[in-house]
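Q: Could you take me through this structure step by step? Please explain each term as it comes up.
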Amino acid sequence: MSLRAHWFTHLEEPRQISASSPPPLDAPGRLLALDLGAKRIGVAVSDELRLTTRPLPMISRQSWKELLQQVAGLVQSFEAKGLVIGLPLRLEGGEGTAAESVRAAAEKFRLSLTVPIYLQDERLTTFAAHSDLKAAGRNESETKREVDSEAAAIILRDFIDRMQS
């Protein structure tokens, strides 16, 4: 069992931020994922059947208004049915200030977008993304440019896998 798999054996179900309507996870449609960082936002999207995920170009974090416009544009252009946001839990599963910040951002997205917002544990996804990119032969500058969106793709894969099991 890999280190990542070990940490994910005891997780609770992903939580939907918007409790007003049931999650539309039984119907097909693309999902978008974000790995929120202090300077860079990793972005990934699934195919319509949710069989595959792929990283998209990362977003440089600037103002909230600009981030919201970019994410809303991606939701619209991909006709996404939901937004999955990585929740940075501590290795033991607790929440710190980073998780609080992500929860606050997720709530802002919930209030501003018309799609359901989901939180997905993102422990060790950046580590896994670095490993995947290194194994794929990426150099350091490529890895730095791609790691956040690769982590978002892993977050999205984890979310889809958990919803299908």
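A: Let us begin with a definition: contact means heavy atoms within 4.5 Å. This is a predicted model, where local features need pLDDT of at least 70 and side-chain atom pairs count only at pLDDT 80 or more, while totals for chains, interfaces and linings use all residues. Residues are numbered from 1 along each chain as its sequence is written, and side-chain values use heavy atoms, with hydrogens and water left out.

Q: Which residues does D35 touch, not counting those up to four places away in sequence?
A: D35 touches R40, I41, G42, E122, T126, D148, A151, A152 and I155. D35 itself is in strand β2, residues 31-36. Helices (H or I, at least four residues) and strands (E, at least two) are DSSP runs, numbered from the N terminus.

Q: What is the nearest side chain of opposite charge to D35, and how far away is it?
A: It is R40, 8.4 Å away, and D35 is buried yet has no salt bridge. Buried means under 20% relative accessible area, exposed over 50%, and partly exposed in between, with a 1.4 Å probe and protein chains only. A salt bridge is a side-chain nitrogen of Lys or Arg within 4 Å of a carboxyl oxygen of Asp or Glu. As for charge, Lys and Arg count as positive and Asp and Glu as negative; His and the chain ends are not counted.

Q: Changing topic, how many aromatic pairs are there in the whole structure?
A: The search finds 2. In one of them, Y118 and F159 are tilted, at 5.2 Å centre to centre and 45° between the planes. Y118 lies in strand β6 (residues 117-121) and F159 in helix α5 (residues 140-164), so the pair ties together parts that are 41 residues apart in sequence. Rings of Phe, Tyr and Trp (its six-membered ring) pair if their centres lie within 6.5 Å; planes under 30 degrees apart count as stacked, over 60 as edge-to-face and the rest as tilted.

Q: And are Y118 and F159 buried or exposed?
A: Both Y118 and F159 are buried.

Q: Where is R50?
A: R50 is in the loop between β3 (40-46) and β4 (53-60). R50 is buried because its relative accessible area is 7%. Its C-alpha atom is 6.9 Å from that of I160, although the two residues are 110 apart along the chain.

Q: Last one: where is confidence lowest and where is it highest?
A: Confidence is lowest in helix α1 (residues 3-7), at a mean of 38, and highest in β2, at 97. The score, pLDDT, is the predictor's confidence in each residue, from 0 to 100.
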